[in-house]
Amino acid sequence: QVQLVESGGGLVQPGGSLRLSCAASGSIFSINAMGWYRQAPGKQRELVATVTRGVGTNYADSVKGRFTISGDNDKNTVYLQMNNLKPEDTAVYFCDARWIAGASVYESWGQGTQVTVSS
């Protein structure tokens, strides 16, 4: 029902910035939450930031004060602004969307975009 496409990843030096984009299509008006997750090689996928309708935003402790999740409804796009990047931020970043239909919760994931922080 919902398709997500991430973009904006790349190589950046420590202390630099990147802005990731997640473009949503399909039944976009049914979405009640979106988030960014990341997964480094050999590690589990972890939550980075989420935004939930009627609730607000939530951030992992490791990115608080550095990352900001935001959206542009006119462009059906959610962003992750990443500032003061650290080598430990290196990972594949995934966009997630969730919606509820009846008693079921549905989820869709993007394909991921690579972020590499290195000098």
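Let's start with strand 8, residues 77–82: five of its six residues are buried, so the rest of the structure largely encloses this strand. Buried here means under 20% relative accessible area, while exposed means over 50% and partly exposed covers what is in between (1.4 Å probe, protein chains only). Strands are DSSP runs of E with at least two residues, numbered from the N terminus.

Before going on, a word on where this comes from. This is a predicted model, in which local features need pLDDT of at least 70 and side-chain atom pairs count only at pLDDT 80 or more, while totals for chains, interfaces and linings use all residues. Residues are numbered from 1 along each chain as its sequence is written, and side-chain values use heavy atoms, with hydrogens and water left out.

**The sheet around strand 8**

Which strands pair with strand 8? Strand 3 (residues 18–26) runs antiparallel to strand 8 and is joined to it by six bridges. Strand 7 (residues 67–72) also pairs with strand 8 in the antiparallel sense, again over six bridges. Two strands count as paired if DSSP finds at least two bridges between them.

You can trace these pairings residue by residue. On the strand 3 side, Arg19 sits opposite Gln81 of strand 8, and Cys22 has Val78 as its bridge partner. On the strand 7 side, Asp72 is partnered with Thr77. Strands 7 and 8 make a hairpin with four residues between the strands, and in that hairpin Asn76 takes a positive phi near 50 degrees.

Now zoom out a bit. Strand 8 belongs to an open sheet of four strands in the order 1-3-8-7, with antiparallel pairing. Strand 1 (2–7) and strand 7 are at the edges with a single partner strand each, so each has one side without a neighbour in the sheet. On average, neighbouring strands of this sheet are turned by 20 degrees against each other, direction ignored. For that angle, axes are lines fitted to C-alpha atoms (for helices over the stretch in contact), and angles run from 0 to 180 degrees between N-to-C directions.

**Strand 9 and its partners**

Next, look at strand 9 (residues 91–101). Strand 9 pairs with strand 4 (residues 31–39) in the antiparallel sense over eight bridges, and Tyr37 stands opposite Phe94 there. Strand 9 also runs antiparallel to strand 11 (residues 113–117), with three bridges joining them; here Ala91 faces Val115.

Then there is strand 10 (residues 104–109), antiparallel to strand 9 and joined to it by six bridges. In this pairing, Asp96 has Trp109 as its bridge partner. Strands 9 and 10 form a hairpin with two residues between them, and Gly102 in the turn has a positive phi of about 65 degrees.

**A link between strands 3 and 9**

What joins Cys22 and Cys95? They form a disulfide, with their sulfur atoms 2.1 Å apart. A disulfide is a pair of cysteine sulfur atoms within 2.5 Å, and by this rule the structure has one. The link ties together distant parts of the chain, with Cys22 in strand 3, Cys95 in strand 9 and their positions 73 residues apart. The Cys22–Cys95 link is left-handed, with -85 degrees about the S-S bond. Cys22 is buried at a relative accessible area of 0%, and Cys95 is buried at 0% too.

**Salt bridges**

Side chains of opposite charge can pair when their charged atoms come close. A salt bridge is counted when a side-chain nitrogen of Lys or Arg lies within 4 Å of a carboxyl oxygen of Asp or Glu. The count by this rule is six salt bridges, including these:

| Side chains | N to O distance |
|---|---|
| Glu46 and Arg38 | 2.7 Å |
| Arg98 and Asp96 | 3.0 Å |
| Glu107 and Arg98 | 3.0 Å |

Salt bridges with shared partners also bring Arg38, Glu46, Arg66 and Asp89 into one network.

Are the partners in the table buried or partly exposed? In the first pair, Glu46 is partly exposed with a relative accessible area of 36%, whereas Arg38 is buried at 5%. In the next row, Arg98 is partly exposed at 32%, but Asp96 is buried at 1%. Glu107, which also meets Arg98, is partly exposed at 39%.
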